Amino acid sequence: MSEKRVNENRVSQQESSIPVPEPSAASEPFWAATRARELHMQRCAACARLVWYPRFACPHCGHDQLDWERLSGQGVVYAVSVHHRPALPALADKVPYAVVLVDLAEGARIMSTMFGQPPRVGDPVTVAWAPLPDGRNLPTFELS
Ligand SMILES: [Zn+2]
């Protein structure tokens, strides 16, 4: 395994914060945009479909030109799983929280987290941001 490969799989984890992936070559533009609290996603230049998560080739058609674009951050809850026991120590003071699938207005579906009152399927939501220690922000959602 090359050193580059090891770095791409590294995960930041501190007891007090939510573990998040280190940016990889594919995901670096996504994470850079989170510093400005903007939700960016790749769109395939050939089939025009959104691609989530970040990668080097379109999972729908195999084309390798994926262009980044900013999304509205608006969506609708497709599914909800409410967690009453924290999956991680950093989430101990946040229970209950909801792991959600959100259908974004632009058409992609993204898994995320919602803190506070758990949403219901069909609720309109807006992206929110949980600050990370290194200046990035983790996209979460809140009721619109
Ligand atoms: Zn495609």
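This passage describes the overall make-up of a predicted protein model and one of its sheets.

The protein contains two helices and ten strands. Read from the N terminus, its elements follow the order α-β-β-α-β-β-β-β-β-β-β-β. The chain thus opens with a helix. Two strands come next, and then the second helix. Eight strands in a row complete the order. Of the 144 residues in the protein, 18% are buried. Among contacts with a separation of 6 or more, 47% link residues 24 or more positions apart.

One open sheet is built from three strands. Their order is E4-E3-E5, and the pairing is antiparallel. E4 and E5 are the edge strands, each pairing on one side only. Strands of a sheet pair through backbone hydrogen bonds, in either a parallel or an antiparallel sense.

E3 covers residues 40-44, and E5 covers residues 66-70. Five bridges connect these two antiparallel strands. Within this pairing, Met-41 lies opposite Glu-69 of E5. Gln-42 stands opposite Trp-68 of E5. In a regular strand, side chains alternate between the two faces of the sheet.

E3 also pairs with E4, which spans residues 50-51. This antiparallel pairing has two bridges. Here Arg-43 faces Leu-50 of E4 across the pair. E3 and E4 make up a hairpin, with five residues between the strands. The turn includes Ala-48, whose phi is positive, at about 65 degrees.

Definitions and conventions: Residues are numbered from 1 along each chain as its sequence is written. This is a predicted model: local features need pLDDT of at least 70, side-chain atom pairs count only at pLDDT 80 or more; totals for chains, interfaces and linings use all residues. Helices (H or I, at least four residues) and strands (E, at least two) are DSSP runs, numbered from the N terminus. A residue is buried if 20 or more other C-beta atoms lie within 10 Å of its own, exposed if 12 or fewer, and partly exposed in between; C-beta atoms are placed from the backbone. Two residues are in contact if their C-beta atoms, placed from the backbone, lie within 7 Å. Two strands pair if DSSP finds at least two bridges between them.
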